[in-house]
Structure formats: C-alpha cells, structure tokens
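Trainee: I'm new to this structure and would rather know one part well than skim all of it. Please pick a single stretch, take a close look at it, and tell me what lies around it.

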Amino acid sequence: MSDRKPIVYETTVPVRFGDLDPYGHVGAHEYLGFVVGSRWQYAQDVLKIAPSEFIEKGVGFYMNRAEIDFVRSIVGTP
C-alpha cells in the first residue's frame, strides 16, 4: 500500500453533441478522453509547463490502466 496521496485536479471541458449517447450521458470512451486530455491542462495550469516542453524533452504522461465501473444500468428508451 502506498503512502502517496492522490492529486486532485478539477477543470471544465466542453462537451460536444457527439460526445453524448441517446440518453444524454457522456459516453465512457469520451469521458476517458476528457480525463486523458485534462492532464495537459493540469501541466499548464499547475506545473506551468507547456505541452511543447514535454515534447522537446521526450517526456509525457503514462497510463498503465483505466477502469470505469458503472453504478447501475440504463433502463428504458431515450
């Protein structure tokens, strides 16, 4: 067990019509895309590092695993 505390970062991302399923929910694939994309915003906002600096240094973000657990299924029709 690690003694590390998680980093909590909040940001707002624009949601496009195509990101939504027929029920008006953000699809799991798109949601994960928001999470992955927000790491660059975190680097700029908190670390004060531009994405181009990461690229120049050959450094980036690494994701080992992603998992989404759904609380309940959607029942009914849109």
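Mentor: Let's look at the helix α1 and then at the parts around it.

A word on ground rules. This is a predicted model, so local features are kept only at pLDDT of at least 70 and side-chain atom pairs only at pLDDT 80 or more, while totals for chains, interfaces and linings use all residues. Residues are numbered from 1 along each chain as its sequence is written, and side-chain values use heavy atoms, with hydrogens and water left out.

Now to the helix itself. Helices here are DSSP runs (H or I, at least four residues; strands are E, at least two), numbered from the N terminus. α1 covers 28-45. Its 18 residues should span 26 Å at 1.5 Å a residue, and the end C-alpha atoms sit 25 Å apart, which agrees. That expected span is 1.5 Å times one less than the number of residues.

Which residues of α1 are buried? They are Phe34, Ser38, Tyr42 and Ala43. By "buried" I mean under 20% relative accessible area; exposed is over 50%, and partly exposed is in between (1.4 Å probe, protein chains only). Those buried residues pack against α2, where contact means heavy atoms within 4.5 Å.

One of them, Phe34, also turns up among the contacts of Asp19. Asp19 sits in the segment before α1. Leaving aside neighbours within four places in sequence, Asp19 touches Pro14, His25, Val26, Gly27, Glu30 and Phe34. Asp19 counts as buried because its relative accessible area is just 3%. The Asp19 side chain also meets that of Arg16 in a salt bridge, at 2.9 Å from N to O. The term covers a side-chain nitrogen of Lys or Arg within 4 Å of a carboxyl oxygen of Asp or Glu. Arg16, at 59% relative accessibility, counts as exposed, so this pair joins a buried residue to an exposed one.

Ser38 has a second role to notice. It is one of the residues nearest the centre of the largest pocket, along with Ile7, Tyr9, Val35 and Arg39. A pocket is an open set of points on a 1 Å grid over the protein atoms alone where a 1.4 Å probe fits, with protein on both sides within 12 Å along at least five of seven lines; lining residues have an atom within 4 Å of a point. This one has a volume of about 560 Å³. Its lining of 17 residues divides into twelve nonpolar, two polar and three charged.

Moving on along the chain, a loop runs between α1 and α2 (51-57), and Lys48 lies in it. Lys48 has a positive phi of about 60° although it is not a glycine. With a relative accessible area of 63%, Lys48 is exposed.

Finally, look at the segment after α2, where you'll find Ala66. The C-alpha atoms of Ala66 and Leu32 are 8.0 Å apart, although 34 residues separate them along the chain. At 42% relative accessibility, Ala66 counts as partly exposed. Arg65 and Glu67 form a salt bridge, with their closest N and O atoms 2.1 Å apart. Here Arg65 is exposed at 62%, and Glu67 is exposed at 52%. The count of salt bridges comes to two.

Note on methods: Grid points are joined across faces, edges and corners, and a volume is the space filled by probe spheres set on the points. Ala, Val, Leu, Ile, Met, Phe, Trp, Tyr, Cys and Pro count as nonpolar, Asp, Glu, Lys and Arg as charged, and the others, Gly among them, as polar.
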